[in-house]
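Me: I would like to learn how to read the features of a structure like this one, step by step, beginning with charged side chains. Could you take me through it?

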Amino acid sequence: LRTPLTVLQGNLQGMTDGIIPASEEQLRALLVQTQGMSRLVDQLNTLSLAGTVDFVTATTATDLALHVSDTVTLFQTSAGDAIDLRTHLAPAPAKIDPDRFRQALLALLENARKYAGDFGPIDICTGLDEDGRSYISVQDKGPGLPAHVQHSTFDMFWRSESLNGRGRSGSGLGLTVVKAIAEGHNARFEVGNNRDGGSYARIAFPVSKAEGAA
């Protein structure tokens, strides 16, 4: 946080002293910077709660597809034509904390937009896997993950430096947050490359006793 705060403070001080013109363009740039810092604070707060009794609360039995549909619609509205999202939503019953689930999904969508948004549509799927576990996956058509770093995406502050530096402006906490949220649900989170190109991120939720009996 120190570097962006220093830049923000310097620009605002320059505007106050009349050295830097307070143009609309400059103010919008500073607003974007404060929004980025706000997201970073939220991510750090999430990770500080990971593993505590207050991290995943108010779990409820629901269908992942319903929450995915609403969240993707909001994200698409915000991103506009800059990204093409396609949903393939089959029923996926699971017991989740809806707020944390949406937080994880938004992090996955933002990660896909940042690194693969220009390479084609991004597919978001829900359903049941071969073991009867409800899952959500986000798949892109981008350059994929280098083999030697596919597991490094779980490390705090890891960022891909592919694509000529594209995406380096992120905090590097997005997938770390997703992993923490998945673990808070006793779910499995994994990332990897698709056989036909691009990468995927997937969260598979445990089968409840009630679902297993049914």
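Me: Is R86 buried, exposed or partly exposed, and what is its relative accessibility?

Reply: In this predicted model, R86 counts as partly exposed, at 36% relative accessibility. The side chain of R86 meets that of D123 in a salt bridge, with 2.7 Å from N to O. Because D123 lies in strand β4 and R86 in strand β2 (residues 85–89), the pair ties together parts that are 37 residues apart in sequence. D123, with a relative accessible area of 8%, is buried.

Me: How many salt bridges does a search of the whole structure find, and which residue meets K179 in one of them?

Reply: The search of the whole structure finds nine salt bridges, and in one of them the side chain of K179 meets that of E183, at 3.9 Å from N to O. The general idea to bring to such a pair is that an α-helix has 3.6 residues a turn, so residues three or four places apart point the same way. Here E183 and K179 are four residues apart in helix α5, and are therefore separated by about one helical turn. E183 is partly exposed, with a relative accessible area of 47%, and K179 is likewise partly exposed, with a relative accessible area of 30%.

Me: Which residue forms a salt bridge with R202, and where in the secondary structure do the partners lie?

Reply: The partner of R202 is E190, and the closest N and O atoms of the two are 3.9 Å apart. R202 lies in strand β7 and E190 in strand β6, so this pair ties together parts that are twelve residues apart in sequence. R202 counts as buried at 16% relative accessibility, whereas E190, at 22%, counts as partly exposed. Through salt bridges that share partners, D129, D131, R133, R188, E190 and R202 are joined into one network.

Me: Turning back to the helix with the K179 pair, how many residues of α5 are buried?

Reply: Eight of the eleven residues of α5 are buried, and the helix is thus described as mostly covered. The buried residues in α5 are G174, L175, T176, V177, V178, A180, I181 and A182. After α5 comes N186, whose phi is positive, near 55 degrees.

Me: How should I read a nonpolar core, and which residues have the most contacts inside the largest one here?

Reply: The general idea is that in soluble globular proteins, nonpolar side chains tend to be buried together. In this structure the largest nonpolar core has 35 residues, and those with the most contacts inside it are L85, L108, I124, I136, F189, I203 and F205. At least two residues of this core come from each of α3 (64–79), β3 (93–96), α4 (98–116), β4 (122–128), β5 (134–139), α5 (174–184), β6 (188–193) and β7 (199–204). The element that gives the most to this core is α4, with seven residues. To follow one residue, take L108: residues up to four places away in sequence not being counted, L108 touches V138, L175, V178, F189, A201 and I203.

Me: How is a pair of aromatic rings read, and which residues form such a pair here?

Reply: A pair of aromatic rings is described by the distance of the centres and the angle of the planes. A search of the whole structure finds one aromatic pair. This pair is formed by F101 and F205 and is tilted, with 6.1 Å centre to centre and 50 degrees between the planes. The pair links distant parts of the chain, with F101 in helix α4 and F205 in the loop between β7 and α6 (209–213), 104 residues apart. F101 counts as buried at 3% relative accessibility, and F205 counts as buried at 4%.

Me: Which residues are in contact with H67, leaving aside its neighbours within four places in sequence?

Reply: With those neighbours left aside, H67 is in contact with T62, I96, P98, F101 and R102. The side chains of H67 and T62 are also joined by a polar contact of 3.1 Å. H67 has its place in helix α3 and counts as buried, at 14% relative accessibility.

Me: Finally, how many helices and strands does the protein have?

Reply: The secondary structure comes to six helices and seven strands, and from the N terminus on the elements run α-α-β-α-β-β-α-β-β-α-β-β-α. Of the 214 residues of the protein, 40% count as buried.

How values were computed
Residues numbered from 1 in each chain as written. Predicted model: local features only at pLDDT ≥ 70, side-chain atom pairs only at ≥ 80, totals over all residues. Heavy atoms only, no water. Core = buried A, V, L, I, M, F, W, Y, C linked by side-chain atoms within 4.5 Å. Buried < 20%, exposed > 50% of the residue type's maximum accessible area, 1.4 Å probe, protein only. Contact = heavy atoms within 4.5 Å. Salt bridge = Lys/Arg side-chain N within 4 Å of Asp/Glu carboxyl O. Polar contact = N/O pair within 3.5 Å; in protein donor to acceptor, adjacent residues only side chain to side chain. Phe/Tyr/Trp six-rings, centres within 6.5 Å; stacked < 30°, edge-to-face > 60°.
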